[in-house]
Amino acid sequence: MFVCVYCSSSQKIDRKYIDLAREVGAGLALRGHGLVSGGAIVSCMGEVARAVRDGGGHTVGVIPQALVDIEIADTDSDELIVTADMRERKGIMDARSDAFLVLPGGIGTMEELFEIWTSRVLGMHERPLVVLDPWGLYGPLRDLVDGMYEQGFTRPNVFDAISWATTVEEALDLLEQPTHLLSPSVGELGEG
Ligand SMILES: C/C(=C\CNc1ncnc2c1ncn2[C@@H]1O[C@H](COP(=O)(O)O)[C@@H](O)[C@H]1O)CO
């Protein structure tokens, strides 16, 4: 499989997040998976790609020209695809990936998570989506979506479209499990 990993580009985060990215990259390579990433050398993004390559795995980096221009492109990537903008980048990352893994991150990671999550809920793809969150960064997000569901803003299948893990092994196991297409039926939103 090619696994798309969405993760932090921040250089201000605790070292434990960088170490987590390395563990994920090593685990992907060990299981014979390739990586699709945002193609930057910084922070968790760079660390996961280096770890995959160190383990003998193949990496595909997809990066907008504007970020190449500020010299943060992962030029060691086995494939480095330079895009015109962020939208084209996300489209190519999506098209090249068999599964999606989200690590702790900021608003860029959130944007990527929500796009893949929403399209899975709508039955537009059936690829696994796993969030690895060992330290509970996303706890408030999960509470928010629970509240949205309780008030009828989301379909029940919002919870079927995503899996949560607290260890790397658990996350990788979940990524490898078969999934099925979810029904996009509007009826699931209920009456009224
Ligand atoms: C100059 C630095 C970082 C430049 N910023 C980014 N570089 C590469 N990719 C990015 C950047 N910002 C967002 N992305 C994409 O979103 C995800 C990370 O965003 P987050 O806000 O850090 O969670 C990542 O998956 C990228 O695809 C150095 O400071």
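**Close-up views of the predicted model**

**View 1. Strand E3, buried on both faces.** In this predicted model, both faces of strand E3 are covered, with Thr59, Gly61 and Ile63 buried on one side and Val60, Val62 and Pro64 buried on the other. The strand spans residues 59–64, and 6 of its 6 residues are buried.

**View 2. The strands that pair with E3.** Strand E2, formed by residues 34–37, runs parallel to E3 and is joined to it by 3 bridges; within this pairing, Val36 has Val60 of E3 as its bridge partner. E3 also pairs in the parallel sense with strand E4, residues 79–83, over 5 bridges, and here Ile63 is matched with Val82 of E4.

**View 3. The β-α-β unit that ends in E3.** Strand E2, helix H2 (residues 43–54) and strand E3 together make a β-α-β unit, and this unit is right-handed.

**View 4. The largest nonpolar core, seen around Val24.** This core has 44 residues, and those with the most contacts inside it are Val5, Val24, Val48, Leu101 and Leu103. When neighbours within four places in sequence are left aside, Val24 is in contact with Val5, Val48, Leu101 and Leu103, and also with Leu132 and Val168.

**View 5. The shell around the ligand.** The ligand is surrounded by 19 residues, of which the closest are Gly38, Gly105, Gly106, Gly108 and Thr109. Helix H5, which covers residues 107–121, supplies the largest share of this shell, namely 4 residues. Sorted by class, the shell is made up of 9 nonpolar, 9 polar and 1 charged residues.

Conventions. Residues are numbered from 1 along each chain as its sequence is written. This is a predicted model: local features need pLDDT of at least 70, side-chain atom pairs count only at pLDDT 80 or more; totals for chains, interfaces and linings use all residues. A nonpolar core is a set of buried Ala, Val, Leu, Ile, Met, Phe, Trp, Tyr and Cys residues joined through C-beta atoms within 7 Å. A residue is buried if 20 or more other C-beta atoms lie within 10 Å of its own, exposed if 12 or fewer, and partly exposed in between; C-beta atoms are placed from the backbone. Two residues are in contact if their C-beta atoms, placed from the backbone, lie within 7 Å. A residue is near a molecule or strand if its C-beta atom, placed from the backbone, lies within 6 Å of it. Helices (H or I, at least four residues) and strands (E, at least two) are DSSP runs, numbered from the N terminus. Ala, Val, Leu, Ile, Met, Phe, Trp, Tyr, Cys and Pro count as nonpolar, Asp, Glu, Lys and Arg as charged, and the others, Gly among them, as polar. Two strands pair if DSSP finds at least two bridges between them. A crossover is right-handed if, with the strands pointing away from the viewer, the path from the first strand over the helix to the second runs clockwise.
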